[in-house]
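Grab a pencil and work through these exercises with the model open beside you. Try each task before you read its solution.

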Amino acid sequence: MGFDEEWGRLRAEAAGRVASGTAMPSAVVVIPPPVDGDPLEEAREAARLRLADFRGRVVLVPLDEAGGLWTAQLGGLDWICAFSGEEELARFAEARGEAGHEWTYRRVVGARLLDELVPALDFPCGVALNAAGSEGAVFPPVRGIVPDTAALDGQVAA
């Protein structure tokens, strides 16, 4: 099964779960207090730093044929694909077999993607940074990353 077929299959499954009301159950996450040398706390801190870096960074977001932000679907969610530079975007195009294709893009500050654009969408969406690179990251639509009203575990989902 190819990349695009897998995206389509996962999106169809997610649409079925949303239609049946079983998309994502509400959950309460309890974060324990930090403990020096705790690997889990170190991972949380690394994630916080990565998010802070992304929020202050200007990224390239490819546009689709209609001029909207180009998204991909994976794991039942749509993801806005963002790239830290033209080299990373070119690596993504090559991985998709579209290296000769011209990619039109917009420059957007990461915080604007998470705080304004994701909440403006009428479907759950996260942001995938440098999807084809070894230093890629995902920022899912959950509390602490996007506003509660756009978070799958926020006020709308509750």
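**Exercise 1. How much surface does the protein expose, and what share do carbon and sulfur atoms supply?**

Step 1: The protein exposes about 9,500 Å², with accessible areas taken from the Shrake-Rupley method using a 1.4 Å probe, and only the protein chains shown counting as cover for residues.

Step 2: Carbon and sulfur atoms supply 56% of that area.

Step 3: Keep in mind what you're looking at: this is a predicted model, where local features need pLDDT of at least 70 and side-chain atom pairs count only at pLDDT 80 or more, while totals for chains, interfaces and linings use all residues. Residues are numbered from 1 along each chain as its sequence is written, and side-chain values use heavy atoms, with hydrogens and water left out.

Step 4: Now for the inside. Of the 158 residues, 30% count as buried (buried is under 20% relative accessible area, exposed is over 50%, and partly exposed is in between, with a 1.4 Å probe and protein chains only).

**Exercise 2. Which pattern of helices and strands does the protein follow along the sequence?**

Step 1: Count the elements: there are four helices and six strands (DSSP runs numbered from the N terminus, with H or I over at least four residues for helices and E over at least two for strands).

Step 2: Read them off in order and you get α-α-β-β-β-α-β-α-β-β.

Step 3: Check how far the contacts reach (a contact means heavy atoms within 4.5 Å). Among contacts between residues at least 6 apart in sequence, 60% join residues at least 24 apart.

**Exercise 3. Which residues of α3 are buried, and which are exposed?**

Step 1: Start with the buried ones: Leu89, Phe92 and Ala93.

Step 2: See where they point. These residues cover an arc of only 100° around the axis, which puts them on the same side of α3 (the arc is that of the directions from the helix axis to the C-beta atoms).

Step 3: Turn to the other side of α3, where Glu87, Glu94 and Ala95 are exposed.

Step 4: Look for the cover. β1, β3 (77-82) and β4 are among what covers the buried residues of α3.

Step 5: Move just past the helix, and you'll find Gly97 with a positive phi of about 75°.

**Exercise 4. How many aromatic pairs are there, and which residues do ring pairs link into a cluster?**

Step 1: Set the rule: rings of Phe, Tyr and Trp (its six-membered ring) pair if their centres lie within 6.5 Å, and planes under 30 degrees apart count as stacked, over 60 as edge-to-face and the rest as tilted. The count comes to five aromatic pairs.

Step 2: Test one. The ring centres of Trp70 and Trp103 are 5.7 Å apart and the planes sit at 75°, so this pair is edge-to-face. Trp70 is in the loop between β1 (58-62) and β2 (71-74), and Trp103 is in the loop between α3 (86-95) and β4 (105-109), 33 residues apart.

Step 3: Test another. Phe92 and Trp103 are also edge-to-face, at 6.0 Å centre to centre and 75° between the planes. Phe92 belongs to helix α3 and Trp103 to the loop between α3 and β4, so this pair ties together parts eleven residues apart in sequence.

Step 4: Put the cluster together: ring pairs link Trp70, Phe83, Phe92 and Trp103.

Step 5: Check for burial. Phe92 has 5% relative accessibility, so it counts as buried, and Trp103, at 14%, is buried too.

**Exercise 5. Which residues are linked with Arg48 in a network of salt bridges?**

Step 1: Recall the idea: side chains of opposite charge can pair when their charged atoms come close. Here a salt bridge needs a side-chain nitrogen of Lys or Arg within 4 Å of a carboxyl oxygen of Asp or Glu, and the structure holds nine.

Step 2: Follow Arg48. Its closest N and O atoms are 2.6 Å apart in the bridge with Glu41 and 3.1 Å apart in the bridge with Glu45.

Step 3: Place the second bridge: Glu45 and Arg48 lie three residues apart in helix α2 (residues 39-56), about one turn of the helix.

Step 4: Name the network. Arg48 is linked with Glu41, Arg44 and Glu45.
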